[in-house]
Every structure is written in C-alpha cells, then in structure tokens.
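Thanks for passing this one along. Here are my notes, in no strict order, to read with the model open.

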Amino acid sequence: LLFIRFDIMKKISFIVMLFMAFSLTTFVACDSSDDGNSTEQGDGNNGGENGENGGGNGPSADAQKQKLESIANDLMGKVSANDFRNITDLFDYVDRMTTDESAVEDWYEACSDACELSGSTASDTRYLWRASNFYGQFELQNGRWVKTGSAPNLSFKFRDSNNRECVLLVTHSGKDTKVHHDEFDEENWYYTPYGYYTERVENAFMIPENINITLTQGGTQLASATVRTTLGISDPDGEVRLSTDRAEVTATMRVNDYTFVVDNAAVNAGSSASLSARFQKGSETLFSTQIQAAGYTNADEEVTVKDATMTTEVLGNRLRIAGAVSDVSRFYDYIEDANNNEYDENRFKTAVERANGLLDVKVYFDGNATASSTVKLCPVVDTDYYYGYSEKWSFGPAFYFSDGTSYSMFDDYFDDDVFEDIIERFERLMDDFIDLVE
C-alpha cells in the first residue's frame, strides 16, 4: 500500500480521516470551543427536546446522548495505560542500564553500507534495502552491547531488574520481492559558494514475504508482531505500476492481552483498495473497521477513486457508523472548492451542498437496522473575522436525527454539561498514555 501515488493517497487519506473523525467523535466526546461568534446554517433546532422519540420514528438527541455516554464509559473502562506499563518499564530499565551502544551503531552503519549499490556517487546514491543484510545477535553485558553471533536473524538479549532473561527477536522468511517507486526517493538541495548542489537518494526495497517479531521475558511472550505480504509486481526491476500491480498485507500485533489485527489491506491493479482491521482485548472486539474503495487507472498512471464505503463498530454492535462516498474524486474536488471560497457564501454553500450529495453517513445502535441519525457537513459562518471581509465560512459535521425534529453540530452536541465526565475521563486516559512513553 506504500506505493500508491501521493495525489491518490491524499484523496483516499482525506476520506478515511473524514470517516474516522465521524466515528471517533461519535463515541468519544470532544472538548468544544465555543467563541460565541460562529453560527451554524440549517433548519431545525439544536437539541431534541421532544422526548424519547421526538414524535418521530427514532430516538431523540437526548436519548442518543445517553447511549453514547454509556458506550464511551464502557469502552474506556476496558483500556488502561497501566496494561502496557510492564513493556515501557522494561525498555526504560534497559535504557538506564546501557552505557555503551557503539557496537550496535557500528553494526547498523555497516549494514546500511551493504545496501548501497555500486555506481553510486556523492550526488546520486542508490540503495537496495534488504532485511537479510540486517542480522546479528547482541547481548547487554555490564552496560555494553556486545555482538555475540552472526546467525541469519536479529536478536537483542538482556536481563531485567529481576535478572530474568529477555529477548527481542526479529526473523523473516519466504520470497523477497523488489519494490521501487519515485515516492520512495529523496532529493535535497544545498547552496554553496559555487552555486546550488543537488543530492539525490534512490531507495528500493526487497520486501520479505513474512516478518515476525517477538519480545519474551523469562520465557513468557510479552509482545509479538507478524506481517504477511503478498506482492504482484509486473516489472522485473520492481518498478510499481498502479494499473497492473497488486499488494496484500495481513498483520497481527499483540501486547499482553491486547491484539490489533489487520485482516486484509490490499490494492488491486489500480481498480480497488480495501482495509479490514480490529482491536481486541482478550477475545472481545473493542473496535473494528472495514473500508472498500473502487476506481480506475488511466495510461498515465492517474487514478480516479469512485465509490468508497466504511463501516466502524464499537463494542460489537452497540455502536455502528456506516459511511459511503459515491464519488471520492468529485467529493474531494468539492471540498477543495469550498475551502477556496471561504469568503464567498453562495459558492461555499454550493460546494458543501454538492459534497453532501455524495456523502452518506449513518449512526446505528444495538444492532438496530434503522439508523438513529445521519451525519452531514454543515456550513458555519464566523462573523468576527476581518482582513477586509465581514465573514468567513467553514464547515463541520452535524447530526440530523431520525426523529425528524433536530440537528446539532458536533461541538454543540458533545457539550461539557452532558459529557463532562467522559471528556475528563478521556483526557485522563490520554494523559496516562503520554506519561507512559515520556
């Protein structure tokens, strides 16, 4: 998936981030910032004061708030930064005990040099990065990392504060496939008294079919990662062609009782892309997502992304967000058009309206087949903006509830009064993870 061209990745990433923003802010309340000068544009009323069903066919805004609050509390109750502390404490201890890592630094430099291809010059360096060049066994002895072997794998052995043997092991196997794309290369410009100097670095990679990483402590596995890659590169020199080439990746990463699984991440000859992933604790799936996109590639390797869908589920079927964009390339163009006309109300609103015509995002609760609300982009005007203009336009996601009586901007809906406890709990959880790695 790394070799999709930048302009295509920009469009796909935008859609993924949009869907993820809808998903995340739906079940984790965000701290709002109301400056009193921004006004949302639309019909209906903010809130949902019409009771449980609001006189319509779905739960009211207030009823959905209660559901979201319950789901968010239950989700955050299942994840704790302390569950990862044994890993960070272990590496912090090794870092404190290390006084000399020059053997590892020299080894890495030698391995990198072995990847440099003959014929390279100071201004034009070419690398073929091979996992098979990075092998060796190291052990921490009296504060110094010492190279102890040259078997065809990579391992780092050390002892923890209780004198238990710990091993970080990296292995690879299967077929290696050469891959190169212009996006992998680097070009740097330097100015000297004699003029500009250009340094170009070409990076190609031999991708192993299988990569395995394990961390053990006293014979017990603390963490592991397994990556399986299947590549279909038509060019014998490994040059990626979006119109013909295929790639599929599966991965499983485990840390203590947590598991992150990529069941499938694939691109298929410039015509489709997909992603299916889940995050589990024990046997329970806390979060899962599936993304599908279709399009086509022309003779100039220009990709047009058409339909895209995404489904995200939280705590099984307790919350499901299903989204679709019927024409990703056009949707992206409309969003850019809106952003380029932020001082022109009519053109801005027209662009947002066209984007909404391609967007379909719905929220479901408890396995119900009927959507509880729809998410659309809502124009917002800032009247406290100068620089020669009396107003500035932007947009944000808004709920439109199935009771038919109300809608609300996300930052108004997730207000401090209703979601104060969740906001504070989420912020504490994030602070705990930040403290964990600092």
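The points below cover the strand pairing, one loop residue, the cysteines and the cores.

1. First, a reminder: this is a predicted model. Please read everything below in that light.

2. I'd begin with strand E8, residues 195–217. On one side of the bookkeeping there is a parallel partner: E2 pairs with E8 over seven bridges. If you want a spot to click on, Trp129 sits opposite Phe205 in E8.

3. The antiparallel partners of E8 take a bit longer to list. Strand E6 (residues 165–179) pairs with E8 in the antiparallel sense over twelve bridges, and there Thr171 has Asn212 of E8 as its bridge partner. Strand E7 (residues 186–192) is also antiparallel to E8, over seven bridges, with Tyr190 partnered by Tyr197 in E8. Strand E9 (residues 220–232) is antiparallel to E8 as well, over eight bridges, and Gln217 stands opposite Thr220 in E9.

4. Two of those pairings are hairpins, so to speak, by their turns: E7 and E8 form a hairpin with two residues between them, and E8 and E9 form a hairpin with two residues between them too. In the E8–E9 turn, have a look at Gly218, which has a positive phi of about 60°.

5. Now for a loop residue. Is Asn133 buried or exposed? Asn133 lies in the loop between strand E2 (124–130) and strand E3 (136–141), yet it counts as buried because its relative accessible area is 19%, against a cut-off of under 20%. Leaving aside residues up to four places away in sequence, Asn133 touches Cys111, Ala114 and Cys115.

6. Those contacts bring up the cysteines. How many disulfides does the model have? The count comes to zero. Take Cys111: the closest cysteine sulfur belongs to Cys115 and is 7.4 Å away, so that is too far for a bond; the rule asks for sulfur atoms within 2.5 Å. Cys111 counts as buried because its relative accessibility is 6%, and Cys166 counts as buried because its value is 0%.

7. Last, the nonpolar cores. The largest has 37 residues, and those with the most contacts inside it are Val314, Leu319, Phe331 and Val363. Apart from that one lies another core of 20 residues, including Leu90, Val104, Cys115 and Val201. Cys115 therefore turns up in this note as a core member, as a contact of Asn133 and as the cysteine whose sulfur is closest to that of Cys111.

Conventions. Residues numbered from 1 in each chain as written. Predicted model: local features only at pLDDT ≥ 70, side-chain atom pairs only at ≥ 80, totals over all residues. Heavy atoms only, no water. Core = buried A, V, L, I, M, F, W, Y, C linked by side-chain atoms within 4.5 Å. Buried < 20%, exposed > 50% of the residue type's maximum accessible area, 1.4 Å probe, protein only. Helix = DSSP H or I, 4+ residues; strand = E, 2+ residues; numbered from the N terminus. Contact = heavy atoms within 4.5 Å. Pairing = 2+ DSSP bridges.
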